[in-house]
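Student: I'm new to this structure and would like a close look at a single part of it. Could you choose one pocket and walk me through the surroundings, step by step?

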Amino acid sequence: MAKKNKQIQTIMLDLYRKCVGNAAREAMYQRVYNEFNKIAIVETKVKDPQAQRINKLLHATRALETGLETFLDLYGLVPTQLKYHTMGSYMKKLQTPPSGRNTFSKIPSHMFAKGFSNDDSIRNKRNKYLHQADQYPTPQETKVFLDEIYKFYAAVLSLA
């Protein structure tokens, strides 16, 4: 888990640097930070291996979704209507950066596909495991899924 902790620490440092100085964004950062850190303590709180894995995915996807919202907030792109506060809506917003000085690079199509549109995208895997009863990832699927989330969010932060 030490490698993952370093990966999360690097991601969180990048996010913190983007949020520091704005109390509302610092609070959003703290929520993302706390959620990512819950992944590391699941095994001490939950005894059932299947429940451990599903909880890890739950915390990782919650961190990612709030992390995407935080990133978009930096550019005034968080949708105003609550029904659009979804992982999919946030990912779609990455395809159309704002114009002007305060902008970010458009997400590359291959990264967007990994996050949103491939059959094995983060969004589809999240839906499979967290929205379907009796669906549990294997230990290997869990590891791969977490790695994909970390890499995807690091790539999003690098768009700035």
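Tutor: Helices here are DSSP runs of at least four residues, numbered from the N terminus, and that is how names such as α7 arise. Please keep in mind that this is a predicted model. Let's start with the second largest pocket, which holds about 180 Å³ of space. Its lining is made up of Met111, Lys114, Asn118, Asp120, Ser121, Ile122, Asp147, Glu148, Lys151 and Phe152. Two elements, α5 (109-117) and α7 (139-157), each give two or more residues to this lining. The biggest share comes from α7, with four residues. Sorted by class, the lining has five charged, three nonpolar and two polar residues.

Now follow Ile122, one of the lining residues, into helix α6, which spans residues 122-130. Two packed helices are described by the angle between their axes and the distance between the axes. For α6 and α7, the axes come within 11 Å and cross at roughly 140°. The two helices are therefore oblique to each other, and α6 passes α7 in a left-handed crossing. On the α6 side, Ile122, Lys125, Arg126 and Tyr129 take part, meeting Glu141, Val144, Phe145, Glu148, Ile149 and Phe152 of α7. This contact has six nonpolar and four charged residues, with no polar ones. Glu148 and Phe152 may look familiar, as they are also in the pocket lining.

There is another partner for α6 to visit. Helix α3 (residues 49-73) has an axis that comes within 11 Å of the α6 axis, and the two cross at roughly 135°. That angle makes α3 oblique to α6, and this crossing is left-handed. From α3, Ile54, Leu57, Leu58, Thr61, Leu64 and Glu65 make the contact, while α6 supplies Ile122, Arg126, Tyr129 and Leu130. By class, the α3 and α6 contact has seven nonpolar, one polar and two charged residues.

To tie this together, find Ile122 once more: this residue lines the pocket, meets α7 and takes part in the contact with α3.

Key: Residues are numbered from 1 along each chain as its sequence is written. This is a predicted model: local features need pLDDT of at least 70, side-chain atom pairs count only at pLDDT 80 or more; totals for chains, interfaces and linings use all residues. Side-chain values use heavy atoms; hydrogens and water are left out. On a 1 Å grid over the protein atoms alone, a cavity is a set of points where a 1.4 Å probe fits but cannot get out, and a pocket is an open set with protein on both sides within 12 Å along at least five of seven lines; lining residues have an atom within 4 Å of a point. Grid points are joined across faces, edges and corners, and a volume is the space filled by probe spheres set on the points. Ala, Val, Leu, Ile, Met, Phe, Trp, Tyr, Cys and Pro count as nonpolar, Asp, Glu, Lys and Arg as charged, and the others, Gly among them, as polar. Axes are lines fitted to C-alpha atoms, for helices over the stretch in contact, and angles run from 0 to 180 degrees between N-to-C directions. Angles under 35 degrees count as roughly parallel, over 145 as roughly antiparallel, 65 to 115 as roughly perpendicular and the rest as oblique. A crossing is left-handed if the near helix is turned anticlockwise from the far one by less than a right angle, and right-handed if clockwise. Contact means heavy atoms within 4.5 Å.
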